[in-house]
Amino acid sequence: MASMQRRLVAIVHADLADFTRMMEGAETLTFQHLKSATSDVWRPAIEAGGGRLVGIVGDAMLAEFGSTVAAVTAAIDIQARMTRFNETLEESERLLFRIGVHVGEIIVDEDQNIFGDGVNLAARIQALAEPGGIAVSRTVRDVAELQIDCAFVDGGEHHVKNVSRPVHIYHVRRQTALSDPTAPILPQATLRFEGADLIGHKYGFDLALDKLSTRPQGAVIGRAVDQCELVLAHSTVSRRHARLSLVGEALQIEDLGSTNGTSVDGAPARAGAPVPVQVGSKLRIGEVELVVRPIASRSTEQ
């Protein structure tokens, strides 16, 4: 039996968001788009970065790089190319990949397949990325240099399957997405989001802007109590549905690849394209509609 090799590499793991839904709705078309994305985007971007595309399984892709900087740069390049690729497709056909990057020791077999905890952790980190986004481990953040127009945004610690210790991740964001001088200012200390679903059941939550300002990763709205800061327990709300973030004094919301979508006053808030939220705005999260109202503080409501 041939001996297995071990080496330290940067691992890039990617997965297509909503793949099952897309295959159910348009199996042949989704397969064709995925094949085109592999040949026109993934392979050239990985090769340009000096990496190796290890394998493709369904909608998942795995690559290795000898350089952490090259791995992160390639991931940014891939998402930029995918944005251009998706511009040629109908909105319902667009491919939004989650990408995770980690540095770890791998085992390489005689067929050049790779295995090990590093690969597994890269997959877990990928699952925490936003559709169309990139998440990296703390190790990658500590050693990688980003392009001048990108920055690491703290994504916090997460408990992931089959990993005993918390995993600290960072999102890679373009600087232009972190600052929007035209967004409206919201001076209120606390906002209340309240409303109902289509049959009149009431939902809502309060958001303290001073606390949100200390969270660069924002606050996630969703159905999963263990994964979200703001919980809406409704069947049309995804487990991790949308993210509220504060940029300067401007409140914004973006969808996280939810099944039933997010909008503000009828304007879609898509992944990577946050929409401003103002007092009086009407948010639609799945089939729950919430109106944004100011309140003086939490203590006045008790």
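A residue counts as buried when its relative accessible area is under 20%. By that cut-off, helix α2 of this predicted model has many residues to report. Thr68, Ala70, Ala71, Val72, Ala74 and Ala75 are among the buried residues of α2. Farther along the helix, Ile76, Ile78, Gln79, Met82, Phe85 and Asn86 are buried too. An α-helix has 3.6 residues a turn, so residues three or four places apart point the same way.

The geometry of α2 was checked against its length. The helix covers residues 68-86, 19 residues in total. At 1.5 Å a residue, these should span 27 Å. The end C-alpha atoms are 27 Å apart, so the model agrees with the expected span. The N-terminal end of α2 is capped by Ser67. There, a side-chain oxygen of Ser67 lies 3.3 Å from the backbone nitrogen of Val69.

Confidence was examined next. The protein chain has an average pLDDT of 83. A score of at least 70 is reached by 89% of the residues. Two stretches fall under 50. One is residues 180-188, where the model has 21 contacts beyond four places in sequence. The other is residues 296-302, with eight such contacts.

The largest nonpolar core holds 38 residues. Trp42, Phe65, Met82, Leu95, Phe97, Ile99 and Val101 touch the most other members. Two or more residues come from each of β1 (5-16), α1 (19-48), β3 (60-65), α2, β4 (97-108), β6 (134-137) and β8 (167-174). Helix α2 gives the most to this core, with nine residues. A second core of 24 residues is separate, and includes Phe193, Leu244, Ala269 and Leu290.

Val101 shows how the contacts of one core residue are spread. Residues up to four places away in sequence are not counted here. Val101 touches Ala71, Val72 and Ala75, three residues listed as buried in α2. Val101 also touches Ile11 and Val12. Further contacts of Val101 are Ile125, Ile134, Ala135, Val136, Ser137 and Val140.

Charged pairs were then surveyed. Side chains of opposite charge can pair when their charged atoms come close. The structure holds twelve salt bridges. One of them joins Arg6 to Glu105, with the closest N and O atoms 3.2 Å apart. This pair links distant parts of the chain. Arg6 is in strand β1 and Glu105 is in strand β4, 99 residues apart. Arg6 is exposed, because its relative accessible area is 55%. Glu105 has a relative accessible area of 48% and is therefore partly exposed.

A second bridge joins Arg239 and Asp226, whose closest N and O atoms are 3.9 Å apart. The two residues are 13 residues apart and sit in successive loops of the chain: Arg239 between β12 and β13, Asp226 between β11 (219-222) and β12. Arg239 counts as partly exposed at 43% relative accessibility. Asp226 is exposed, with a relative accessible area of 65%.

Glu289 and Arg284 also meet through their side chains, at 3.6 Å from N to O. Glu289 is partly exposed at 33%, and Arg284 is partly exposed at 30%. Elsewhere, Arg7, Arg52 and Glu64 are linked in a network of salt bridges.

The loop that holds Arg239 also holds His241, between β12 (230-231) and β13 (242-247). His241 has 0% relative accessibility, so it counts as buried. The side chain of His241 makes a polar contact with the side chain of Ser258, at 3.2 Å. Leaving aside neighbours within four places in sequence, His241 is in contact with Ile221, Gly222, Thr236, Asp255 and Leu256, among others. The list for His241 also includes Ser258, Gly261, Thr262, Ile285 and Gly286.

Leu230 lies in strand β12. Its relative accessible area is 8%, so Leu230 is buried. The C-alpha atoms of Leu230 and Arg240 are separated by 9.8 Å, and the two residues are ten residues apart along the chain. Beyond four places in sequence, Leu230 is in contact with Phe205, Asp206 and Leu207, and with Ala219, Val220, Ile221 and Gly222. Leu244 is also in contact with Leu230, and Leu244 belongs to the second core. Ile221 and Gly222 appear among the contacts of Leu230 and among those of His241.

Definitions and conventions
Residues numbered from 1 in each chain as written. Predicted model: local features only at pLDDT ≥ 70, side-chain atom pairs only at ≥ 80, totals over all residues. Heavy atoms only, no water. pLDDT = per-residue confidence, 0-100. Contact = heavy atoms within 4.5 Å. Helix = DSSP H or I, 4+ residues; strand = E, 2+ residues; numbered from the N terminus. Buried < 20%, exposed > 50% of the residue type's maximum accessible area, 1.4 Å probe, protein only. Polar contact = N/O pair within 3.5 Å; in protein donor to acceptor, adjacent residues only side chain to side chain. Expected span 1.5 Å × (residues − 1). Core = buried A, V, L, I, M, F, W, Y, C linked by side-chain atoms within 4.5 Å. Salt bridge = Lys/Arg side-chain N within 4 Å of Asp/Glu carboxyl O.
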